[in-house]
Amino acid sequence: SITVSGFNTFVRYPKFTYNIDVGHASVIIKNCGIMDKKYKNFAFTPQEYEKIDKVFITSKMNMLMQSAFSAIPENKYEITGNPRTDTLLLSDGKNNLELLLEKKIDGKKIIFNMPTFHIHENSGIVNGTNFNDSFKINNFEYEKFNKFLMENNIICISKVHHAEERVITEKVKDKKLENLIFISNKDLEDKGLDLYEILNCADGLITDYSSIYGDFLFMNKPIVFVNTDIEEYREERGISLEPYDFWTAGPKVQTQDGLEKELLKSLLDESYYKQKREELRDVFYEFKDSNSTLRVWEHIDKVFKSITKEKVGV
């Protein structure tokens, strides 16, 4: 009677069931759906959401953004929080990361590098600069960065977007760097892990325009934004949260030296951008507990009971 999905499962099927979407992201920096400047039919389109009866979201701000992208009417929303943030609060990320890496990480700072896609392998869509690398910085020097990490007792886990994983994994697979480690969806699957089961061990994040930003904002952990091609991104796809500097709670860098400097400052100074993160977290997350899954399930159960009553004529 009910189909529940996390990401546009219903797009290509006739509508047979009551469809519930539990959301893809809470803080979306890049334009999507009808707000996308070039590819308005790529994803998050109004046609997709016509087949969805209920959308679970994290806040009224999240609702406004989703409606701008997909023209979703307000009566389809329920503010429940997103189940994946429960995982961020409850999982043993450090133990899971050690299981994934098959080594101990005691005493080291952990950062994740997780940019959005710039080249979508399946569709050929290019957003911003045609970067074909794990770090979205021109002429990035991996050995130099690995040395910086070693000198400062940091491990960097680099996980690129699934849409460009094959090409970039092929490019970096032969790099044997002690403190800079590349992981893929397959690596996680081989260990029976979900990405969100390791993220809460992180001390910080490197990203660009990815919605992973919202998950680290939820955890109130430092974020460094690499926005080397922001003007191209604005022109080609569009930035949904403007002014960009206001909505991004972290320093912005365009060079490798700038990245290293801001990473150290973010990891060593607990107050750096902390107030800004907390202000924006309140905007994008109505709930900050670990009960989002329970709230989602309660609404699913409510819908199921209503549908059952209709079928039996009660």
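Which residues line the largest cavity? Keep that question in mind while you take in the whole chain, and remember throughout that the model on your screen is a predicted one.

**The whole chain**

Begin with the full protein chain shown as a cartoon, where the secondary structure comes to 13 helices and 10 strands. If you then colour the chain by burial, buried residues make up 53% of its 314 residues. Switching to a surface view brings up an exposed area of about 14800 Å², of which carbon and sulfur atoms supply 51%. Contacts can be considered at this scale too: among those between residues at least 6 apart in sequence, 71% join residues that are at least 24 apart.

**The cavity**

Now return to the opening question and select Asn 113, Pro 115, Ser 134, Phe 135, Lys 136, Ile 206, Thr 207, Asp 208 and Val 226, which line the largest cavity. The structure holds 1 cavity of 30 Å³ or more, and the volume of the largest cavity is about 40 Å³. If you colour its lining by residue class, you will find 4 nonpolar, 3 polar and 2 charged residues.

**Ser 211**

Next, select Ser 211, which sits in the loop between strand 8 (204-207) and helix 8 (212-218). Is Ser 211 buried or exposed? Ser 211 has a relative accessible area of 17%, and because buried means under 20%, this loop residue counts as buried. To see what surrounds it, display the side chains of His 24, Ala 25, Val 27 and Arg 84, which Ser 211 touches when residues up to four places away in sequence are not counted.

**Ile 230**

Move on to helix 9 (residues 230-236), and select Ile 230 within it. Ile 230 is buried, with a relative accessible area of 9%. Leaving out residues up to four places away in sequence, Ile 230 touches Tyr 209 and Tyr 244. If you draw a C-alpha to C-alpha distance between Ile 230 and Tyr 244, it comes to 9.5 Å, for two residues that are 14 apart in sequence.

**The two sides of helix 5**

Select helix 5 (residues 142-151) and colour its buried residues, which are Tyr 142, Phe 145, Asn 146, Phe 148 and Leu 149. Why do these residues lie on the same side of helix 5? They cover an arc of only 155° around the axis, and so they share one side of the helix. Rotate the view to the face turned away from this buried side, and you will come upon the exposed residues Glu 143, Lys 147 and Glu 151. Just after helix 5, select Asn 153, whose phi is positive, at about 60°.

**The second largest pocket**

For the last stop, select Asp 203, Pro 222, Ser 266, Leu 267 and Glu 270, which lie nearest the centre of the second largest pocket, among the 13 residues that line it. Helix 11 (256-268) and helix 12 (274-284) are the elements that give two or more residues to this lining, and helix 11 gives the most, with 3 residues. The second largest pocket has a volume of about 220 Å³. Coloured by class, the residues of its lining divide into 7 charged, 4 nonpolar and 2 polar.

Methods:
Residues numbered from 1 in each chain as written. Predicted model: local features only at pLDDT ≥ 70, side-chain atom pairs only at ≥ 80, totals over all residues. Heavy atoms only, no water. 1 Å grid on protein atoms, 1.4 Å probe; cavity = no way out; pocket = protein on both sides within 12 Å on 5 of 7 lines; lining within 4 Å. Points joined across faces, edges and corners; volume = space filled by probe spheres on them. Helix = DSSP H or I, 4+ residues; strand = E, 2+ residues; numbered from the N terminus. Nonpolar A, V, L, I, M, F, W, Y, C, P; charged D, E, K, R; others polar. Buried < 20%, exposed > 50% of the residue type's maximum accessible area, 1.4 Å probe, protein only. Arc of directions from axis to C-beta. Contact = heavy atoms within 4.5 Å. Areas by Shrake-Rupley, 256 points an atom, 1.4 Å probe, with all protein chains shown as cover.
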